[in-house]
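Subject: Structure handover

Hello,

Here is the structure I promised to pass on. Please open it alongside this note. My findings follow below.

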Amino acid sequence: MEKIRITVEHLVSLCGIPDGYVPLARHLVLVVVAVILSALAGWLCRCFIPLIHKVTAKTSNGWDDALLNERVLRSACSIVPAVVIWQLLPMVFYEYPVAREVLARLTAIYITVMMTRTGIVFIDSFKLLEGDTRTARQQYLYSFCGVLKIVLFFIAAIVVVSIAINQSPATLLAGLGAASAVTMLVFQDTIKGLVAGIRLTSNDMLRKGDWITVPSAGANGTVEEISLTVVKVRNFDNTIVTVTPQVLVDGSFQNWKGMREGAGRKQARKVYFDFGSVSLVDDGTKQQLVADGFATKEEVQGQVANVTLYRQYVERWLASQPSVVSDMTILVRQAEATQAGMCLEFVFWLQEKSGPEYERATSLIMEYIYAAARQFGLTIYQQFPRQ
């Protein structure tokens with residue numbers, strides 16, 4: 001650096017500039033040289049970015065591509081020119097200590113801010129390691145990254161203030177001990193969110209990509225984001241509902257993960273029948289039911305009620321449907337009767353688990369069950385009888 005300064009002073013003196021303007025010209029040239037060197041250093045750093053990408057692309061690991069992405073590398077390159085300027089300031093403004101001190105503090109503040117920004121971008125890069133779902137270990141790491149970003153902001157603020165007032169950061173940190181209560185009050189939501197997030201992940205209650213229902217918050221959709229202070233849920237109408245982790249832990253919510261991972265989705269429907277339509281089946285009706293395939297000869301032996309044949313037929317019919325999981329529970333049972341009449345509950349599991357396909361399959365099955373009741377002489381209850 002000293003050689004650069006001496007060379008610049010020699011060149012300025014050779015240009016024939018009057019002695020009164022030599023100091024000004026010398027400082028202007030040194031400023032230009034410092035700017036050129038800093039810009040050259042930044043350009044050289046950016047030239048290494050494609051090389052780094054080629055190296056990471058050749059590795060079999062995916063974490064290096066995510067953590068050393070374009071944003072991280074460019075943010076890191078933005079620090080280098082400021083470091084060069086900070087190193088050259090004593091040479092450029094050696095005759096102006098006040099200006100050198102002010103510019104050195106401003107440059108140090110800029111370096112601190114850019115280093116913090118690079119750290120934040122690097123921490124955010126961990127999100128690129130995720131898929132559509134997030135494991136419990138990834139959620140732990142994600143919660144820790146949220147805390148780490150807050151710590152970085154806090155340390156950066158302390159360092160910036162200490163540089164601005166020319167005090168040691170340790171002195172400011174010692175003074176913050178008395179303000180710990182205020183700090184706890186300011187960050188109470190973050191602390192509660194961290195604890196709630198740890199409870200959610202440690203018990204494997206919630207992951208990114210899960211379908212949850214939170215009646216108190218009007219949430220019924222897929223979890224898109226889990227952070228320290230908020231859980232974002234995209235409803236099936238594409239609206240976004242935000243719920244705090246504390247609400248999920250303290251209250252209750254329904255997670256449909258088990259249904260999605262299982263073989264099928266359970267459906268249980270209750271249908272009420274008029275007691276006046278329940279009767280024993282006569283011989284003519286038995287023959288007709290057997291001829292139409294609604295009953296077998298073994299089922300119509302002896303005295304049998306029409307509702308019994310109906311239950312047996314529906315169970316047999318449900319087991320034959322391709323949309324129903326045949327190796328899981330298929331049951332048509334009598335539930336407790338009410339003033340609405342005799343209650344039959346239809347329990348079965350569908351192959352389709354969500355979306356229009358599930359609703360369409362349920363509708364087709366129940367519509368047939370309603371219509372088949374008439375073949376057995378059963379009447380479905382309705383409050384106002386058909387005229």
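Which residues of the largest nonpolar core touch the most other members? They are Y310 and F346, in a core of 33 residues. Bear in mind throughout that this is a predicted model.

**The cores**

Four elements each supply at least two residues of the largest core: β6 (265-273), α14 (306-319), β8 (341-350) and α15 (355-372). Helix α14 gives the largest share, with 7 residues. F346 is worth centring your view on. Leaving aside residues up to four places away in sequence, F346 touches Q267, A268, R269, V271 and Y310. F346 also touches V314, L331, V332, M366 and I369. So the two residues named at the start, Y310 and F346, are in contact with each other. Another core lies apart from this one. That second core has 15 residues, including L206, I212, V223 and V231. As background, nonpolar side chains in soluble globular proteins tend to be buried together.

**The sheet**

Next, the strands. An open sheet is formed by 5 strands, in the order β4-β3-β2-β1-β5. Their pairing is antiparallel. At the edges sit β4 (240-243) and β5 (254-255), and each of them pairs on one side only. Strand β3 (residues 231-235) runs antiparallel to β4, and 4 bridges join the two. To find the register, look at R234: I240 in β4 stands opposite.

**The helix pair α4 and α6**

How do helices α4 and α6 run relative to each other, roughly parallel or roughly antiparallel? Helix α4 spans residues 70-77 and helix α6 spans residues 97-124. They pack at an angle of about 170°, and their axes are 9 Å apart. Angles over 145 degrees count as roughly antiparallel, so α4 and α6 are roughly antiparallel to each other. From α4, the contact uses R71, V72, S75 and A76. From α6, it uses M114, R117, T118, V121 and F122. By class, this contact has 5 nonpolar, 2 polar and 2 charged residues.

**One serine in α2**

Last, S38. This residue lies in helix α2 (residues 22-58). Is S38 buried or exposed? Its relative accessible area is 7%. The cut-off for buried is under 20%, so S38 counts as buried. S38 touches P81, V84 and I85, again not counting residues up to four places away in sequence.

Best wishes

Technical notes:
Residues numbered from 1 in each chain as written. Predicted model: local features only at pLDDT ≥ 70, side-chain atom pairs only at ≥ 80, totals over all residues. Heavy atoms only, no water. Buried < 20%, exposed > 50% of the residue type's maximum accessible area, 1.4 Å probe, protein only. Contact = heavy atoms within 4.5 Å. Axes fitted to C-alpha atoms, helices over the stretch in contact; angles between N-to-C directions. Parallel < 35°, antiparallel > 145°, perpendicular 65-115°, else oblique. Nonpolar A, V, L, I, M, F, W, Y, C, P; charged D, E, K, R; others polar. Pairing = 2+ DSSP bridges. Core = buried A, V, L, I, M, F, W, Y, C linked by side-chain atoms within 4.5 Å.
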